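Colleague: I have not seen this structure before. Could you walk me through the fold?

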Amino acid sequence: MPCIVQIVGPSGSGKTSLIVSVVRQLSERGIKVAVVKHTHHDIDTPGKDSWRFLEEAGASYAAVVKGRGERVAVFTRDTSLHAVLEYLARKVDIIIVEGFKNLRLGGLKIDLSTQRPGRIEESIIEFVEECLKEGVGSEP
């Protein structure tokens, strides 16, 4: 299992900005990063094609591909966070999870409601480098 960094905090606390910065830094070092975001908003709009394929027709998966693959979104139903993390673990070195504040996923958990930005980026980079050096990941 790759290293997992979980970032939680209230809306507007800087979670996304922190993740963008960390992903950029890690990617520049050749580290493969996946980001999983928890949301309460609709991501597959009722009545649209992919929604209809899943909800009306009962497909297991529906994929939307822009152009020749510039952007791809895969929708599925009834898939756990654990299953998503397992899938991504085979493809990347680190998974950054935004949200799921009530879950403890292992690895490093940063709570922006109790921590100030200060050295957080540096702490995350240090954790990832150490995790990769040791070859030890985190079980979801």
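The questions below go from the whole chain to single residues.

Colleague: What pattern of strands and helices does the chain follow along the sequence?
Modeller: Keep in mind that this is a predicted model. The chain holds four helices and six strands. Read along the sequence, the pattern is β-α-β-α-β-β-α-β-β-α.

Colleague: What share of the residues counts as buried?
Modeller: The C-alpha atoms fill a box of roughly 50 × 30 × 30 Å along the principal axes. The chain has 140 residues, and the share that counts as buried is 30%.

Colleague: Among contacts between residues at least 6 apart in sequence, what share joins residues at least 24 apart?
Modeller: Contact here means heavy atoms within 4.5 Å. For the chain, the share is 69%.

Colleague: In what order do the strands of the open sheet lie?
Modeller: Four strands form this sheet, and their pairing is parallel. β2 and β6 are the edge strands, since each pairs on one side only. Neighbouring strands are turned by 15 degrees against each other on average, direction ignored. The order is β2-β5-β1-β6.

Colleague: Which residue of β5 stands opposite Val36?
Modeller: Strand β2 covers residues 33-37. Five bridges join β2 to β5, residues 94-98, and the two run parallel. Val36 is on the covered face of β2, along with Ala34. Its opposite residue in β5 is Val97.

Colleague: Which residues make up the uncovered face of β2?
Modeller: Ala34 and Val36 belong to the covered face. The uncovered face is Val33, Val35 and Lys37.

Colleague: Which residue in β6 stands opposite Val5?
Modeller: β1 covers residues 3-8 and pairs with β6 in the parallel sense over four bridges. Strand β6 spans 108-111. The residue opposite Val5 is Leu108.

Colleague: Which strands does α4 lie across?
Modeller: Take α3 beforehand: residues 81-89 lie across β1, β2 and β5, at about 165 degrees to β2. Helix α4 runs at about 160 degrees to β1. The strands it lies across are β1, β5 and β6.

Colleague: Is α1 parallel or oblique to α4?
Modeller: The axes of α1 (residues 15-28) and α4 (residues 120-134) come within 10 Å and cross at roughly 45 degrees. An angle between 35 and 65 degrees falls outside the parallel and perpendicular ranges. That makes α1, relative to α4, oblique.

Colleague: How many residues of the contact of α1 with α4 are nonpolar?
Modeller: On the α1 side are Leu18, Ser21, Val22, Gln25 and Leu26. They meet Ile120, Glu121, Ile124, Ile125 and Val128 in α4. Two of the contact residues are polar and one is charged; the nonpolar ones number seven.

Colleague: Which residue in the turn of the β3 and β4 hairpin has a positive phi?
Modeller: β3 (residues 61-66) and β4 (residues 71-76) run antiparallel, joined by six bridges. Ala63 stands opposite Val74 in β4. Four residues lie between the two strands, and phi is about 60 degrees at Gly67.

Colleague: Does Val72 count as buried or exposed?
Modeller: Val72 is found in strand β4. Leaving aside neighbours within four places in sequence, Val72 is in contact with Val64 and Val65. The cut-off for exposed is over 50% relative accessible area. Val72 has 52% relative accessibility, so it counts as exposed.

Note on methods. Residues numbered from 1 in each chain as written. Predicted model: local features only at pLDDT ≥ 70, side-chain atom pairs only at ≥ 80, totals over all residues. Heavy atoms only, no water. Axes fitted to C-alpha atoms, helices over the stretch in contact; angles between N-to-C directions. Parallel < 35°, antiparallel > 145°, perpendicular 65-115°, else oblique. Nonpolar A, V, L, I, M, F, W, Y, C, P; charged D, E, K, R; others polar. Buried < 20%, exposed > 50% of the residue type's maximum accessible area, 1.4 Å probe, protein only. Pairing = 2+ DSSP bridges.
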